[in-house]
Amino acid sequence: MKTAEYSPGLEGIIAGTTTISHVNPERNSLMYRGYDIKDLVQNSTFEEVAYLMIRGHLPNQGEYDAFCSQLKQERSIPQTIIETFKTLPAKSNPMDMLKVGVALLALSDPDKDDDSHEANVRKAIRLVAKFPALITYSYRISRGQEIVQPDASLGHGENFLYMLLGKKPDSYISHVFDSSLICYVDHGFNASTFAARVTVSTLSDIYSGTLSAIGALKGPLHGGANEEAMKMLLEVGSPENAEAWVLDALATKKKIMGFGHREYKTGDPRAAILTEMGAEISEKLGDARWYKTASVVEATMNREKQILPNVDFPTSYIYYLMGLPIEIYTPIFALARIAGWTSHMIEQLDNNRLIRPKALYEGPQHVEYVARDRR
Ligand code: ACO
């Protein structure tokens with residue numbers, strides 16, 4: 001058996017191989033199946049990137065059109081799930097409701113007993129297609145609002161915004177939102193993807209892996225950071241207040257949400273792309289308050305700690321400017337990452353070996369057992 005050095009948090013440990021995405025901290029780059037995300041954000045759409053992840057190559061026009069219409073056909077969810085959402089406590093956490101939705105969806109999937117590669121691809125496409133309904137229906141129902149049916153004339157991202165807010169976004173907002181989804185699609189063996197891979201490596205199914213992934217993404221050290229970052233910006237309140245706020249937070253050893261990364265120590269390429277978009281959308285919407293506040297937080301963090309923003313920092317104020325409710329930011333991360341999670345689970349299952357690391361035992365040894373009445 002091979003032995004390896006212990007590394008807390010598995011930092012620096014190679015836990016498997018993949019052909020899906022390449023995080024390259026030396027070059028501050030991120031590639032999906034060999035394509036730089038900068039090129040994908042500039043030229044592609046979320047649907048095309050989802051196809052690339054799941055099928056392994058960029059679609060030609062015919063494949064793209066067929067994939068987009070397949071996603072549209074699969075947008076609805078069973079009425080029983082909608083009825084169950086009506087029974088959940090008001091204002092439930094949207095990530096928890098997403099888990100409920102995915103668990104119920106598993107029961108009605110026509111391929112639930114088929115674990116072949118093609119059946120897994122079909123399940124992946126269904127999950128990608130149905131996430132907007134799961135997220136927006138559960139959210140709207142739990143907040144006492146009517147659900148909004150999908151609109152077949154809209155693409156994946158803009159339809160999500162329509163189903164969430166009840167009004168069609170303009171093309172610029174749709175473009176920025178789609179770009180953020182592309183940036184969120186995948187990121188090597190991040191915690192949620194790894195959780196999904198561990199789960200299916202026991203030969204469990206893709207729905208179970210998705211549930212593991214949603215649970216891992218929810219935490220503020222991972223996907224939950226985009227919500228926490230916006231709450232922080234609201235607390236900071238203004239560019240004038242930002243430097244003192246950060247200095248005070250650092251003095252009390254607080255973590256600044258949306259900053260730092262296990263892999264990138266000299267900049268997250270997704271943050272660079274989205275910060276530029278953050279500046280642009282602020283100008284276009286005539287509201288620079290959050291971008292300016294964020295810029296001072298960023299400069300102070302850089303000066304004091306040399307810690308840079310990650311993808312979750314610019315998305316926080318971009319989504320806020322779009323008028324999206326804060327508690328839906330992490331589900332939006334999931335809306336995009338489901339394409340990455342399912343691709344990784346298919347890759348894992350296509351060439352599976354159980355993921356089962358060792359623990360370094362640090363507890364007592366050979367302790368004498370003392371009967372209960374003598375303790
Ligand atoms: N604010 C303040 N200090 C920080 C931050 C931060 N955001 N991030 C790291 N540091 C400091 C730590 O306090 C630590 O300092 P120390 O050595 O003096 O104790 C040092 O930098 C190393 O930090 P670790 O937490 O050990 O680094 P790790 O690689 O484990 O953490 C992580 C990476 C979890 C992302 C961390 O930077 C963090 O907690 N950031 C805030 C949460 C966040 O934004 N998460 C989103 C990540 S990206 C994503 O999931 C898409």
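**An N-terminal sheet and a two-domain interface**

In this predicted model, strand 1 (residues 21–24) and strand 2 (residues 29–32) run antiparallel and are joined by four bridges. Within this pairing, His22 stands opposite Met31 of strand 2, Val23 has Leu30 as its bridge partner, and Asn24 is partnered by Ser29. Four residues lie between the two strands in the hairpin that they form, and Asn28 there takes a positive phi near 50°.

Strand 2 also pairs with strand 3, again in the antiparallel sense, over two bridges. In this second pairing Met31 stands opposite Asp36 of strand 3, so that Met31 faces a partner in strand 3 as well as His22 in strand 1. The hairpin of strand 2 and strand 3 has two residues between the strands, and Arg33 takes a positive phi near 50° in that hairpin. Taken together, the three strands make up an open sheet with the order 1-2-3 and antiparallel pairing. Because strand 1 and strand 3 (35–36) stand at the edges and each has a single partner strand, one side of each is left without a neighbour in the sheet. Strands of a sheet pair through backbone hydrogen bonds, in either a parallel or an antiparallel manner.

The protein chain is divided into two domains, of which domain 1 comprises residues 34–219 + 327–350 and domain 2 comprises residues 225–321. Between the C-alpha centres of domain 1 and domain 2 the separation is 26 Å, and the contact draws on 22 residues from domain 1 and 21 residues from domain 2. The size of an interface is often expressed as the accessible area that is lost when the parts come together. On that basis, domain 1 and domain 2 bury about 1,800 Å² between them, with 67% of this area on carbon and sulfur atoms. On the side of domain 1, the residues that lose the most area to domain 2 are Tyr172, His187 and Tyr329, which together account for 38% of what that side buries.

As to polar interactions, the search across the interface of domain 1 and domain 2 finds zero salt bridges, whereas eleven residue pairs are found in polar contact across the interface of these domains, both residues of each pair being at pLDDT 80 or more. The elements that contribute two or more residues to the side of domain 1 that touches domain 2 are helix 1 (37–43), helix 8 (171–184) and helix 16 (329–350). Helix 8 supplies the largest share of that side, with nine residues. By residue class, the side of domain 1 that touches domain 2 divides into 13 nonpolar, six polar and three charged residues.

Although the interface of domain 1 and domain 2 contains zero salt bridges, a search of the whole structure finds 19. Side chains of opposite charge can pair when their charged atoms come close. One salt bridge is formed by Arg126 with Asp109, for which the closest N and O atoms are 2.6 Å apart. This pair links distant parts of the chain, 17 residues apart, with Arg126 located in helix 6 (residues 117–142) and Asp109 in the loop between helix 5 (94–108) and helix 6.

Notes
Residues numbered from 1 in each chain as written. Predicted model: local features only at pLDDT ≥ 70, side-chain atom pairs only at ≥ 80, totals over all residues. Heavy atoms only, no water. Domains from an automatic or database assignment. Contact = heavy atoms within 4.5 Å. Buried area = accessible area lost by both parts, 1.4 Å probe. Salt bridge = Lys/Arg side-chain N within 4 Å of Asp/Glu carboxyl O. Polar contact = N/O pair within 3.5 Å; in protein donor to acceptor, adjacent residues only side chain to side chain. Nonpolar A, V, L, I, M, F, W, Y, C, P; charged D, E, K, R; others polar. Pairing = 2+ DSSP bridges.
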